[in-house]
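These are my notebook entries on a few places I looked up, with burial, ring pairs and surface character as the topics.

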Amino acid sequence: CNDAVFKTNEISDNVSGILSLISDRPIDVEIRKLVDEIGRTTKEAREKREMLGLLKIIVGICERLEGARSAFSDGRLRFAAEEVNELKKALRIGDEEEGEPIVYGLLRKQWADLFDEMQDLFSKLMENAVRFEQDSRTIRVKYKLCVDKMDGIELHTVMEAMDVAGILDYSLAKAADLIIKHAITPAVSYGSPAMFAEDVNQGSEGISEAVLKILPSQDCKIVDVDGDAIYARVIQVIKFIFKHICFENGSWIRSFGRLTWPRISDIIISKFLSKVVPEDASKLVDFQKIVKCTSEFEFSLKEMMFISASDGKDYRLSSFSENVEVHFAFRKKTEVLGKARNLLLQCDFSVPQDYTSKGPLLKNDGMAINSSNQVVDLIFSSERCVVSKAASQLMELVHQTLQDVCLSSARVALEFYHAVRDAILLYEVVIPVKSWSVRLSHPCKGKNILGNQNFYNVLIYAHKCLSCKTPEVLSPNSNVLERQLDGINQVAILMYSDCLFLSQEILGLAFEYRTDFPDSIKEHAVFADMAPRFHLMAEEILQRQIQIVIFNLREAIDGADGFQNTHQMQQFESAKFSIDQAVFILEKVHIIWEPLLRPSTYKRSMCMVLESVFSRITKDILLLDDLAAEETLQLQRLIHMMLDNLSSLLKSLISAFDSNAKSEEDTSRPIDDLIPSLRKIRKLGELLDMPLKSITSAWESGELMSCGFTILELKDFIRAIFADSTLRKECIWRIEN
């Protein structure tokens, strides 16, 4: 216990001493300052070492850049190219990061300048290596090159250096252009190809240059139908490149092929293959020879590694030749649409000069039908009609094309079928009728997307649907035609007949050809959907023309001022002039309509026009409320004069009725039944000088009612002519009862 107490006191004294030392001198502060100073010194030393390392790298890169530049000057091209390529990786060209030292940007600029200098140098070397001499028509390839102060540089070394630097495509571009322009293009010129002769100049140190001479063909009429000679010449040029420019290096010739093959294949297609596409379906078999030699040609290129063995895009020629049916069909479709377009653009809606037929156009009437191809049969009618030359020739083109459909393969037939539809639709586009309410539909999708747009928009739409290259569907005469549609002339009548003819022809196409179509398109070939639109267009054109005629007739009759006071000379002359105008318009319509329209349409339309004239004149006269005796005689004179002047027109209608008695319309009815107001106006002419009792008797017998008179009209007529009297009252009473 004593020892323990003693040791405890000793420890207590030691602790007290330590506490005393700590309280008097704070050593921890000094230690912390010392540690901080050591850390700063260490950091500065590390940064200086890193900076020194960076400076060494920068200096090294600068020295390598200068070394590469010097190597180019000394002609050590491969070494310089390798240095440039390695420096590209060291400077992370194309992989820059933000916050990098500014000096890196400066170094990259120096590298870019050096790279540009290298590209320019190699371009100059290749220009010096591959030259075309215009005078001798020779492509010369030099093996020893001299540029600026560098002399004796090997072409093979240049190719190696360009390959190492990764600029082979860039440096060969001009040489490729030169060879394509002066060698490949003449080699594939269809009909007048060039010939080639190779020559090699040997020196003491080996080959100094290679020469490819381009010789004109001795026979300017050579036609390489099979393609063997053309492909042989192209192979000769490519082998020359493979041996004397690419030194039989597969990688280099592949690079040259990637650079030139797309253009070479386009040239071969445009200058040779497209020109020998058969124009007749029967010649498609002969084209198989070209398909075979084309495949062999591409196989030879693949063996030389000029084109890829695995990339299907490089086999463009085989693809084109094997799909020749499609190209043939496309060419024929373009030809059909071009012919259709030209027919429609040249159409002036004229009537053949030798067309003088005055009688109805019937198929079985026993009369000599005009031989013009503009007089056409209507499939679903016993009548004929006169159409424009464009419509007649358009349908001839359609029938010729559909005959080809029956003889063609499925793919060709389908293209021809669409060509027929598009050719027919072209007519719908060209007719310049702005006021149509008929909606034009997309020929493929059948969606009504146009509505009542202006005519030019319709043309642009047709241009897009029919894949035309220029929106020149509008005829130069379309503005004239459009104005003529607002008048009374033959243009509108021919347009009506065209649309009617086309609608019936379209309906007959499927019945005529469907059984002979290839099985694959029988179910898809549809024409009937186009027929209703042409039928609607025909009716609208005709109704528009009828309304124009009726409007002109109403304007003429308006000049009579209701036929009032015709007992006065001035008023009578005014009324007579109005009647003469109306007769003139009707005769003009008669002259235009009768020869051109089918008989049934002529009768129907003319009766509609005459009904409007006679009913209007009858109505105006019956509305007169006070007529003098002399006035009734003048009115009767006007009616008789009008009917006499229209006698030839009325006879033409009677003749048409008799000759067309077996047509689809019931024409056995008298003319008065088809023009009700004709009987009425004739009877009105009789009533104007008929005694009152006779008028009353005629009513009681039912004669006047059969002529279309009403009780009110007759009562007003009697009051206007006869003075008030017991007899008049009696007669009116008898009429009322």
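In which helix is the place of Glu587? I looked this up at the start, keeping in mind that the model is predicted, and found Glu587 in helix α19, which covers residues 569-596.

Entry on Glu587. I then asked whether this residue is buried or exposed. Its relative accessible area is 19%, and because buried means under 20%, Glu587 counts as buried. Setting aside the neighbours within four places in sequence, I found Glu587 in contact with Asn645, Ser648 and Leu649.

Entry on aromatic pairs. How many aromatic pairs does the structure hold? I noted 7 of them, and went through two in detail. In one of these, the ring centres of Tyr143 and Phe247 are 5.5 Å apart and the planes stand at 80°, so I recorded the pair as edge-to-face. Tyr143 lies in the loop between β2 (138-142) and β3 (144-147), while Phe247 lies in the loop between α7 (228-244) and α8 (250-271), so the pair ties together parts that are 104 residues apart in sequence. For the surroundings of the two rings, I noted that Tyr143 counts as buried at 10% relative accessibility, whereas Phe247, with a relative accessible area of 22%, is partly exposed.

The other pair I followed is Tyr231 with Phe297, whose ring centres are 4.5 Å apart and whose planes meet at 15°, so this pair is stacked. This pair, too, links distant parts of the chain, since Tyr231 is in helix α7 and Phe297 in helix α9 (residues 288-303), 66 residues apart. Both Tyr231 and Phe297 are buried. I also noted that these two rings belong to one aromatic cluster, which they form with Trp261, Phe272 and Phe306.

Entry on a charge over a ring. Which residue lies over the face of Phe709? I found Lys680 there, at 5.4 Å from the ring centre.

Entry on the surface. Which residues form a nonpolar patch with about 440 Å² of accessible area together? I listed Ile379, Phe380, Leu507 and Phe511 as the residues of this surface patch. Of these I looked further at Phe511, whose place is in helix α16 (residues 490-513). Its relative accessible area is 71%, and because the cut-off for exposed is over 50%, I entered Phe511 as exposed.

Key:
Residues numbered from 1 in each chain as written. Predicted model: local features only at pLDDT ≥ 70, side-chain atom pairs only at ≥ 80, totals over all residues. Heavy atoms only, no water. Patch = residues over 30% accessible without salt bridge, like charges linked within 9 Å, V, L, I, M, F, W, Y side chains within 5 Å. Areas by Shrake-Rupley, 256 points an atom, 1.4 Å probe, with all protein chains shown as cover. Salt bridge = Lys/Arg side-chain N within 4 Å of Asp/Glu carboxyl O. Helix = DSSP H or I, 4+ residues; strand = E, 2+ residues; numbered from the N terminus. Buried < 20%, exposed > 50% of the residue type's maximum accessible area, 1.4 Å probe, protein only. Phe/Tyr/Trp six-rings, centres within 6.5 Å; stacked < 30°, edge-to-face > 60°. Lys NZ or Arg CZ within 6 Å of the ring centre and 35° of its normal. Contact = heavy atoms within 4.5 Å.
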